[in-house]
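Let's take a walk through this structure, one stop at a time. Keep the sequence and the 3D view open as you read.

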Amino acid sequence: MTKPSLPELLHAAVTAVGGTERPGQVAMAEAVAEVIDDGSHLLVQAGTGTGKSLGYLVPALAHGERVVVATATLALQRQLVERDLPRTVDALHPLMRRRPQFAMLKGRSNYLCLHRLHEGAPQEEEEGLFDQFEAAAPTSKLGQDLLRMRDWADETETGDRDDLTPGVSDRAWSQVSVSSRECLGASKCAYGAECFAEAARERAKLADVVVTNHALLAIDAIEGAPVLPQHEVLIVDEAHELVSRVTGVATGELTPGQVNRAVRRAAKLVNEKAADQLQTASEGFERLMELALPGRLEEIPEDLGYALMALRDAARTVITALGSTRDKSVQDEDAVRKQALASVESIHDVAERITNGSEYDVVWYERHDRFGASLRVAPMSVSGLLREKLFTERSVILTSATLKLGGDFNGVGASLGLAPEGTESDDAPQWKGLDVGSPFDYGKQGILYVAKHLARPGREGTRADMLDELTELIEAAGGRTLGLFSSMRAAQSAAEELRERLDMPILLQGEETLGELIKGFAADAKTCLFGTLSLWQGVDVPGPSCQLVIMDKIPFPRPDDPLMSARQKAVDEAGGNGFMAVAATHAALLMAQGAGRLVRASGDRGVVAVLDPRLATARYGSYLRASLPDFWYTTDRNQARRSLAAIDAAAKAAEA
């Protein structure tokens with residue numbers, strides 16, 4: 001029997017999911033198959049509605065080697081495992097004569113720990129174990145959540161936090177989960193044979209397709225101990241998020257609270273001298289942190305250097321001593337020791353990293369209203385790490401609706417450690433960029449309106465002219481507005497002001513769960529939803545409920561953001577343009593994601609309004625506009641209002 005062709009397989013899969021084949025999807029599938037065959041790499045931009053999941057799943061399944069698919073959002077992981085993969089596998093089975101297996105794999109702390117659930121969580125004060133179910137009042141929210149999780153543990157097949165509905169708070173979940181450092185290991189644990197995390201790893205070892213998240217992919221790359229099974233093909237979906245997720249995993253943090261917890265956990269397990277040494281070092285660090293002012297530390301101040309060396313040395317002493325001391329009053333000593341060791345090792349590693357000082361690290365103080373001061377360290381860049389760990393020994397396909405910034409892929413490529421496209425060199429990974437477009441006609445479906453007449457936004461203060469413009473646009477649109485603001489403060493003040501001015505519901509991020517807010521926004525056409533950067537992705541509301549997307553200003557990083565400003569300065573010092581490479585690239589990605597909320601289906605119509613004149617007047621404006629969907633462009637405020645009023649009237653007529 002002849003081997004089925006890629007177009008035949010794609011046709012069968014698209015039919016099975018009830019979709020329609022699109023030229024962009026076909027082009028994407030062919031390009032993915034090609035790079036898998038020749039061992040090179042691909043950056044592929046596929047607009048909303050292309051059907052990119054099938055565009056990479058079908059050629060990957062047809063190839064027959066093991067594939068890892070890493071995504072940024074829970075929603076896409078769910079869609080792949082619950083909808084796209086089962087249907088695709090069913091559709092391809094008769095043609096391929098085999099049935100590929102697939103599995104989901106996440107970090108250990110995402111799974112319920114049966115040891116923690118049944119034996120209790122280590123108690124901070126007396127470092128024995130306590131029954132968290134006894135300790136939490138059964139009437140409290142925490143107590144109710146814990147009881148619900150105990151019942152759920154008997155029914156769940158996965159133990160995966162994301163399968164628990166409704167969800168629970170981080171505080172509740174921390175009572176029944178462990179990090180990989182705190183885990184006893186299956187061979188030493190009384191519950192090892194039933195462990196949910198171990199079962200997930202075993203399923204992944206047997207699967208042809210492993211679906212995971214960017215964070216686990218980063219841990220696998222950074223920590224050197226493989227978490228993911230061996231694979232020949234890596235597909236990174238929502239790839240515009242990858243650099244920030246990898247940076248997050250590679251960031252270390254020290255806080256007085258975290259150090260105090262480690263002291264309490266270790267105190268009963270080591271000799272008095274070792275415990276006192278860590279206690280003294282902890283107190284010295286805490287005194288310093290009370291005086292810490294937010295901002296980057298280009299050099300480590302002498303007093304901080306001494307405090308960190310004292311912490312590092314005391315932590316090392318405790319780690320050595322933990323192995324030898326036994327305290328008869330401590331129950332389940334292995335679990336208590338493992339947790340104490342995990343928290344002391346974490347402090348040792350961060351203190352040592354900052355003390356050693358690397359030109360490739362950025363160190364800064366942060367201050368939080370609720371949690372106080374923290375000391376943080378992050379890599380200046382993750383591009384070298386990604387080039388070395390990601391692009392060797394496998395084909396990598398990176399895809400997203402936004403990878404092409406300012407007209408090419410080189411900006412995103414550079415952040416991933418790739419040389420400019422077409423560079424011929426032995427040590428440069430070979431890659432190509434492909435934009436397969438979108439099935440939507442952006443020029444006819446949407447307008448990009450820039451309010452050129454407004455004053456340039458300043459650092460602080462209210463923008464009265466911007467609020468007037470916002471009010472008029474929302475009135476013309478009849479509600480139907482997603483407001484995307486550059487800060488939470490800006491979103492809150494706009495919501496307060498417009499609730500006074502307008503007779504229509506305005507929902508605000510933070511006042512309800514994101515799921516509830518989106519549900520409320522989609523259910524009523526007059527409703528508006530205001531929020532900040534984290535809303536710019538993942539809001540998928542096709543139809544007449546979202547016909548106006550507003551951005552209050554270009555979302556450049558804050559000038560006092562220690563990591564972004566350090567990265568910008570490093571590019572400048574190397575002879576490049578730091579502003580364009582860092583700040584403008586950051587803004588372009590966010591704006592492209594934000595503008596992408598407008599057109600989600602072929603019948604959608606609307607306006608993206610940017611209330612920042614710099615998009616029309618500044619030199620970098622054309623770069624940012626070239627990163628957005630190809631909407632019809634205007635700076636005419638009357639044109640924008642007339643168009644919104646016409647779109648609103650058409651929607652009302654259709655609803656009637």
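**Loops, helices and hollows**

Start with Glu 238, which you'll find in the loop between β7 (233-236) and α11. Though Glu 238 isn't a glycine, it has a positive phi of about 50°. Bear in mind as you look that this is a predicted model. Is Glu 238 buried or exposed? It counts as buried because its relative accessible area is 14%, and the cut-off for buried is under 20%.

Another residue with this kind of backbone angle is Arg 97, again not a glycine, with a positive phi of about 60°. Look for Arg 97 in the loop between α4 (74-96) and β3 (102-104). Arg 97 has a relative accessibility of 62%, so it counts as exposed, the cut-off there being over 50%. Why point these angles out? Because most residues other than glycine have a negative phi, and most peptide bonds are trans.

That brings us to a peptide bond that is cis: the one from Thr 165 to Pro 166, with omega near -10°. Pro 166 sits in the loop between α7 (141-155) and α8 (170-174).

Now go back to α11, the helix that follows the loop of Glu 238. Helix α11 covers residues 242-249, and Thr 247 is part of it. Thr 247 is buried, as its relative accessible area is 6%. What does the side chain of Thr 247 make a polar contact with? The partner is the side chain of Arg 567, at 3.3 Å. A polar atom of the Thr 247 side chain also lies 2.7 Å from the backbone oxygen of Val 243. Leaving aside residues up to four places away in sequence, Thr 247 touches Pro 379, Val 382, Leu 563 and Arg 567. So Arg 567 turns up both as a polar partner of Thr 247 and in its list of contacts, where the cut-off is heavy atoms within 4.5 Å.

Next, compare two alanines. Ala 31 has its place in helix α2 (residues 23-38), and it is buried, given a relative accessible area of 5%. Not counting residues up to four places away in sequence, Ala 31 touches Leu 42 and Leu 434. If you'd like a sense of distance, pick out Ala 31 and Arg 201: they are 170 residues apart in sequence, and their C-alpha atoms are 31 Å apart in space.

The other alanine is Ala 581, which lies in helix α23 (residues 578-595). Ala 581 is partly exposed, as its relative accessible area of 42% shows. Its C-alpha atom is separated by 31 Å from that of Ala 494, which is 87 residues away along the chain.

Let's look inside now. How many cavities of 30 Å³ or more does the structure hold? There are four. The largest cavity has a volume of about 260 Å³. Its lining is made up of 24 residues, and those nearest its centre are Cys 113, His 115, Val 178, Cys 183 and Leu 184. Elements that give two or more residues to this lining are α5 (114-119), α9 (196-206) and α15 (333-356). Of these, α5 gives the most, with three residues. By class, the lining of the largest cavity holds 15 nonpolar, five polar and four charged residues.

The second largest cavity has a volume of about 40 Å³. Among the residues lining it are Ala 60, Leu 61, Arg 98 and Asp 208. The lining of this second cavity divides into five nonpolar, one polar and three charged residues.

Finally, the cysteines. A disulfide is a covalent bond between the sulfur atoms of two cysteines. The count of disulfides here is zero. Cys 113, which we met at the largest cavity, is in no disulfide; the nearest cysteine sulfur, that of Cys 189, is 6.1 Å away. The cut-off for a disulfide is within 2.5 Å, so that distance doesn't qualify. Cys 113 counts as buried because its relative accessibility is 15%. Cys 528 is in no disulfide either, and the nearest cysteine sulfur, belonging to Cys 546, is 9.9 Å away. Cys 528 is buried too, with a relative accessible area of 0%.

Terms used
Residues are numbered from 1 along each chain as its sequence is written. This is a predicted model: local features need pLDDT of at least 70, side-chain atom pairs count only at pLDDT 80 or more; totals for chains, interfaces and linings use all residues. Side-chain values use heavy atoms; hydrogens and water are left out. Helices (H or I, at least four residues) and strands (E, at least two) are DSSP runs, numbered from the N terminus. Buried means under 20% relative accessible area, exposed over 50%, partly exposed in between (1.4 Å probe, protein chains only). A polar contact is a pair of N or O atoms within 3.5 Å; within protein, one must be able to donate a hydrogen and the other to accept it, and residues adjacent in sequence count only if both atoms are side-chain atoms. On a 1 Å grid over the protein atoms alone, a cavity is a set of points where a 1.4 Å probe fits but cannot get out, and a pocket is an open set with protein on both sides within 12 Å along at least five of seven lines; lining residues have an atom within 4 Å of a point. Grid points are joined across faces, edges and corners, and a volume is the space filled by probe spheres set on the points. Ala, Val, Leu, Ile, Met, Phe, Trp, Tyr, Cys and Pro count as nonpolar, Asp, Glu, Lys and Arg as charged, and the others, Gly among them, as polar.
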